[in-house]
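Work through the exercises below with the model open. Try each task before reading its solution.

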Amino acid sequence: AGGSSPLGDDRFRRILVLVSLTVLQYGTIAPVVQFLLLSFFAVRHGGGDCEDHPNSGPCRQAASDLAFIAGILTGTSQCVACVSALLLGSWSDRLGRRPLLLVKSTFSVIPVLAVALHVFHGLTLWVYLIAMPVYEALDVNGVFLGYVSDVVTDPRQRTQAFGALMLTYILAGGPAVVLGGWLSAEVAILFVLVICIIKVAFVVLALPETVVHVGRRAPGVLPTLSAAADLIFFRNSFISRMALVFVLSGQSLAGLATVAKPYLTGYLGVDRPTGARLVFVCGCSVMSTIYLGLKPLVNRLGEVRTTQCCLGFLASLPLLYCACSEVWHVFVLAAVFSGPMVLQFPVITAIKSNLVNEEEQGLMQGALASFRVLAEAVAGAFFGAYYSYSTHGGTEKDRTKAFPPFVLASFLGGCSLLLACTLPDRPPPPMPKSSERSVLLPGETLADGSYSTMPGTSHSQPPANPQDSQDQDVALRT
């Protein structure tokens, strides 16, 4: 509270520990799994060790297959996640954040076990390919961001708080990148299994609850969906435009992430150690940008203009990938662009938190997470298929055949930038808490824990004059 640093709150420091454990878990196993999958799919094209020869013919075709299949599976899981993100984010406002975070942490062990069984007992990797999307379908991003907003109640401190989260992500990612790039698959997987156990134990024993009134009745699915639609589309135009910016930038990033991996391995020959070094360079860029640039930029330009600058980097990056014909070109690009592009995340997250009061943090974070997840689901599936089509299943040796998906990702980033430029420099203030006024907006919480569905709904009785309530609602919206 007040002007104190978020790091002074013990609950916030525990959040940073949870983030560190999560990054160690996935950062260590991700590069191992990537090349296990490439070698797995290369079998159908003649076989080969894709960790040693990533740009060989079978491995290039395997990269195309993996992009297509992963796009379909991820898109399917994210279609489910777009609903779970909204429902879980909203329900956590009443049921509490900690139980949902515990469920997610427990489920995170399943994909790791699937990889371990493949490495040590020869279990097919199709089990992992199914288990991972099922796990990702349980989206608690809105719950986690609501937890942070519960802890950091001062709007002036939220940008700093989300910046600290991003720094923690990078600092924990450093050891994870080293471990994932240099450890053998067997040792890396055993290490990750230990991290999984520690994370679950930490959530059980050390992570406190932040919702004050836990146990209130959670609304049903349809009332929650209706409340989210009212909040995003009808509360004010700033929230609506911000949601669309969030969707378009998410599609651009999802598209870039989908096509960059097979492009780097299949056409530039990036192997696992080189990939680890590339991630390390990205991390250094992000860390230095957040540490040195976040506070000065926000203080000078404001949150909205800072977001616009970041989206400019996002719109440029996919096009510049097309100019990279050597691996060192990608390293230069990563060093210059990663930090400014990723800076948008703590800034946009702070804007989202400051648009609503504490009663609606889970609903807002869950709703926007839901919109973005759905957009990324469509983008992931489409870009995976588009890359496979453009490269003819990876059989094309000419790297320019992979350029069209990058151009499309850049176009989507440019659209998000243009829309962001229509936003006012100062976001509107949040509505007062429902307990502080007699008239509720659509989607707000009634005394019994349900959501209001009509403008002007009263805490105690229906409005005597519907026209008066509508006038009050218009005044509140203004």
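**Exercise 1: a helix crossing**

H11 passes H13 in a left-handed crossing. The model is predicted.

Task: find the angle at which the axes of H11 and H13 cross, and classify it.

Solution. Start with the axes. Those of H11 and H13 come within 9 Å. They cross at roughly 110°. Angles of 65 to 115 degrees count as roughly perpendicular. Therefore H11 is roughly perpendicular to H13.

**Exercise 2: another partner of H11**

Task: do the same for H11 and helix H15 (residues 403-420).

Solution. The axes of H11 and H15 come within 7 Å. Their crossing angle is roughly 165°. Angles over 145 degrees count as roughly antiparallel. So H11 runs roughly antiparallel to H15. Now add the hand: the crossing of H11 and H15 is left-handed.

**Exercise 3: the second largest pocket**

Task: which helices each supply at least two residues of the lining of the second largest pocket, and which supplies the largest share?

Solution. Take the volume: about 930 Å³. Next, locate the centre. Of the 35 lining residues, Arg156, Thr159, Gln160, Val298 and Glu303 are the closest to it. Then assign helices. H1 (10-42), H7 (155-182), H11 (272-321) and H13 (344-354) each supply at least two lining residues. H11 gives the largest share, twelve residues.

Task: sort the lining of this pocket by class and by domain.

Solution. By class, there are 21 nonpolar, nine polar and five charged residues. By domain, at least three lining residues come from each of domain 1 (7-208) and domain 2 (224-426).

Key: Residues are numbered from 1 along each chain as its sequence is written. This is a predicted model: local features need pLDDT of at least 70, side-chain atom pairs count only at pLDDT 80 or more; totals for chains, interfaces and linings use all residues. Side-chain values use heavy atoms; hydrogens and water are left out. On a 1 Å grid over the protein atoms alone, a cavity is a set of points where a 1.4 Å probe fits but cannot get out, and a pocket is an open set with protein on both sides within 12 Å along at least five of seven lines; lining residues have an atom within 4 Å of a point. Grid points are joined across faces, edges and corners, and a volume is the space filled by probe spheres set on the points. Helices (H or I, at least four residues) and strands (E, at least two) are DSSP runs, numbered from the N terminus. Ala, Val, Leu, Ile, Met, Phe, Trp, Tyr, Cys and Pro count as nonpolar, Asp, Glu, Lys and Arg as charged, and the others, Gly among them, as polar. Domain bounds come from an automatic or database domain assignment. Axes are lines fitted to C-alpha atoms, for helices over the stretch in contact, and angles run from 0 to 180 degrees between N-to-C directions. Angles under 35 degrees count as roughly parallel, over 145 as roughly antiparallel, 65 to 115 as roughly perpendicular and the rest as oblique. A crossing is left-handed if the near helix is turned anticlockwise from the far one by less than a right angle, and right-handed if clockwise.
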